[in-house]
Amino acid sequence: MFNAIAEPQRREILALLRTGERPVTELAQELGLTQPGASKHLRVLREVGLVRDRKEGKHRVYGLDARGLRPVHEWSGGFAQFWNESFDRLDAYVQDLEQQHQEE
Amino acid sequence: MSTTEHGTPTTTATADREVVVSRTIDAPRERVFEAFTEVRHLTQWWGPDGFTTTTRAFEFRVGGEWDFTMRGPDGTVYPEWISWTEITAPERIAFVHGESADDAKAFETVLTFAPDGAGTRIRMHTVFPTREQRDEAVEKYHAIEGGQQTLGNLAAYVASGG
């Protein structure tokens, strides 16, 4: 579960779904992903119970699954989330650092 | 770039009192390791967005200490203390982390750095003395993050039916 939300694009998907259900094509377009790429993220999120899907006419739409989000609330706001966000900053910082080393 | 380990954490003897966070960083291992070894690097990324650190003492060696405070976006200041127990460049760093040198609730963290393509996979494994202390740390860090736009807020929003 906590690994499922460590991935920034999956966090973006969850943030987008906050405003309501969407089909995979729309999510892919918003995030600049291929449709198979977006589908793969959605599958991971669905497996851990963060996202549910249902059929609407010919399409399938995805939405947040509040049941799965309860434990995430306990965890992600805590220790693991602290480190996920620190590692976001570390990632950006070491890339700058590497750039500097190459220029030297 | 970032990847994750799929599935639920494996069950081990310490499963109920540990936290594992892993992440692939898009830079060579030596560079990622370097970012953990000097205070001028650490202050650039330690903590979520909006957090700053102030260092009182820093000596990166086994038995050495990092004595610092962390200040959150709301102005709250948190005392922090780290003492390294193992340093193996560029693959492994272990340390004890608490609020001060005499913190009975200090916990152990092991960081491992593995090459992953052109990037580096970091695995951070923290084991707390007891499950209660893990839950307490989770609560504490939850409080630290209070007020930030995190997935935690999103979950609270959804759970409250908003």
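**Exercise 1. Which side chain does Glu98(A) join in a polar contact, and at what distance?**

Step 1. Start with the setting: this is a predicted model in which local features need pLDDT (the predictor's confidence in each residue, from 0 to 100) of at least 70, and side-chain atom pairs count only at pLDDT 80 or more, while totals for chains, interfaces and linings use all residues. Residues are numbered from 1 along each chain as its sequence is written, chains are lettered from A and ligands numbered from 1 in the order written, and side-chain values use heavy atoms, without hydrogens and water.

Step 2. Find Glu98(A) in helix α5 (residues 79–103) of chain A; helices are DSSP runs (H or I) of at least four residues, numbered from the N terminus.

Step 3. Look across to chain B: the side chains of Glu98(A) and Arg31(B) are joined by a polar contact of 2.6 Å. Such a contact is a pair of N or O atoms within 3.5 Å, where one must be able to donate a hydrogen and the other to accept it; residues adjacent in sequence count only if both atoms are side-chain atoms.

**Exercise 2. Is Glu98(A) buried or exposed?**

Glu98(A) counts as buried because its relative accessibility is 16%; buried means under 20% relative accessible area, exposed over 50%, and partly exposed in between (1.4 Å probe, protein chains only).

**Exercise 3. How should you treat residues 1–11 of chain B? State their pLDDT first.**

Step 1. Over residues 1–11 of chain B, pLDDT stays under 50.

Step 2. Where pLDDT is low, the predicted coordinates should not be read in detail.

Step 3. For the whole of chain B, the mean pLDDT is 80, and 79% of residues reach 70 or more.

Key. Contact = heavy atoms within 4.5 Å.
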